[in-house]
Amino acid sequence: MIVKICGITNPEDAAAAIAGGATAIGFNFYQPSPRYIMPEWAARIVTPPGVRRVGVFVNEPRETVERIVLLANLDVAQLHGDETQSEYPAGTTVWKAMRVTGGFDFGAYRNDRAEALLLDGPAGDFYGGAGQAFDWYLAAAASCRVIVAGGLDASNVAAAVALAHPWGVDACSRIESAPGKKDHKKMNDFLQAAREALHL
């Protein structure tokens with residue numbers, strides 16, 4: 001099971017997330033994002049064994065993703081763009097991020113080699129999440145592992161888990177005091193609620 005804190009930009013937030021029970025932390029390598037972190041800085045943020053290091057990418061060339069995976073010591077490449085399976089990085093676990101709408105077709109991803117689909121809410125013309133939830137019940141139709149993201153915090157993660165039956169959950173903007181800076185109380189409350197909901 002995955003409980004992920006995304007948009008980590010500094011060692012203090014990473015340490016607090018891990019102390020609170022996060023099983024994965026995410027680094028955003030999409031430069032237009034207010035949560036962007038240079039790969040060299042992410043590499044300096046130390047994590048213990050068992051906590052997965054996830055890099056968020058948007059339409060980067062496969063070679064670039066593979067280089068950053070090595071540089072930042074990543075365990076997972078989370079792809080938020082228009083990447084197809086043929087463009088997935090070699091030798092790296094992939095989570096494919098998708099925006100979920102009412103007409104979303106999980107069948108198109110039945111044979112996808114990604115370890116999981118990360119399901120996010122609507123974001124308009126922007127890539128990545130926008131802190132908006134989707135209809136979590138739709139996720140229950142997936143025949144693969146799913147991670148629910150988008151608009152999650154302590155107040156609603158239990159409901160999301162109950163409806164979606166996910167492999168994991170992912171929070172970012174609703175547990176921040178400012179973009180790229182976590183509110184440690186909100187984050188800890190989310191982590192506690194998420195772990196209880198997932199029976200971790």
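This note goes through a predicted model point by point, from its nonpolar cores to its charged pairs and a few single residues.

1. The nonpolar cores. The largest nonpolar core holds 52 residues, and those with the most contacts inside it are I5, F27, F29, L119, V169 and F190. Helix α5, which runs over residues 184-197, gives the most to this core, with six residues. A second core, separate from the first, has 11 residues, among them A24, V76, I147 and A149. As background to this point, nonpolar side chains tend to be buried together in soluble globular proteins.

2. The surroundings of F27. When its neighbours within four places in sequence are left aside, F27 is in contact with I8, I37, A42, I45, R53, V54, G55, V56 and L74. One of these contacts, R53, deserves a point of its own.

3. A buried arginine without a salt bridge. R53 belongs to strand β3, which spans residues 52-57. R53 is buried but has no salt bridge, and the nearest side chain of opposite charge, that of D75, lies 5.6 Å away. That distance leaves the two unpaired because a salt bridge requires the nitrogen and the carboxyl oxygen to be within 4 Å. The side chain of R53 does, however, reach the backbone oxygen of I45 at 2.6 Å. Apart from residues up to four places away in sequence, R53 touches I25, F27, A42, A43, I45, V46, T47, A72, N73, L74, D75 and V76.

4. Helix α4 and its buried side. In helix α4, residues 157-164, the buried residues include V157, A160, V161 and A164. These four lie on the same side of α4, because they cover an arc of only 95° around the axis. The buried residues of α4 pack against strands β7 (146-148) and β8 (168-171) and against helix α5. After α4 comes H165, whose phi is positive, near 50°.

5. A buried salt bridge between distant parts of the chain. A search of the whole structure finds nine salt bridges. In one of them D170 pairs with K4, and the closest N and O atoms are 2.6 Å apart. D170 sits in strand β8 and K4 in strand β1 (residues 2-5), so that the pair, 166 residues apart, links distant parts of the chain. Both D170 and K4 are buried.

6. Two further pairs and a network. The side chains of E115 and R52 meet in a salt bridge, at 2.9 Å from N to O. This pair also links distant parts of the chain, with E115 in the loop between β5 (93-99) and β6 (116-120), R52 in strand β3, and their positions 63 residues apart in sequence. E115 is partly exposed, with a relative accessible area of 25%. Another salt bridge joins the side chains of K96 and E83, at 3.4 Å from N to O. K96 lies in strand β5 and E83 in the loop between β4 (76-79) and β5, so this salt bridge ties together parts that are 13 residues apart in sequence. K96 is buried, at 3% relative accessibility, and E83 is buried as well, with a relative accessible area of 9%. R35, E176 and K182 are linked in a network of salt bridges.

7. The loop residue T9. T9 is found in the loop between β1 and α1 (11-19), and at 25% relative accessibility T9 counts as partly exposed. Leaving aside its neighbours within four places in sequence, T9 is in contact with R35, I37, I45 and G180. The side chains of T9 and N10 are joined by a polar contact of 3.2 Å. T9 and P34, which are 25 residues apart in sequence, are 9.9 Å apart in space, taken from C-alpha to C-alpha.

8. Positive phi values outside glycine. N59 has a phi near 55°, a positive value in a residue other than glycine, and N59 is located in the loop between β3 and α3 (62-71). N59 is partly exposed, with a relative accessible area of 37%. H199 likewise has a positive phi, of about 60°, although H199 is not a glycine. H199 belongs to the segment after α5 and counts as exposed, at 72% relative accessibility.

Note on methods: Residues are numbered from 1 along each chain as its sequence is written. This is a predicted model: local features need pLDDT of at least 70, side-chain atom pairs count only at pLDDT 80 or more; totals for chains, interfaces and linings use all residues. Side-chain values use heavy atoms; hydrogens and water are left out. A nonpolar core is a set of buried Ala, Val, Leu, Ile, Met, Phe, Trp, Tyr and Cys residues joined through side-chain atoms within 4.5 Å. Buried means under 20% relative accessible area, exposed over 50%, partly exposed in between (1.4 Å probe, protein chains only). Helices (H or I, at least four residues) and strands (E, at least two) are DSSP runs, numbered from the N terminus. Contact means heavy atoms within 4.5 Å. Lys and Arg count as positive and Asp and Glu as negative; His and the chain ends are not counted. A polar contact is a pair of N or O atoms within 3.5 Å; within protein, one must be able to donate a hydrogen and the other to accept it, and residues adjacent in sequence count only if both atoms are side-chain atoms. The arc is that of the directions from the helix axis to the C-beta atoms.
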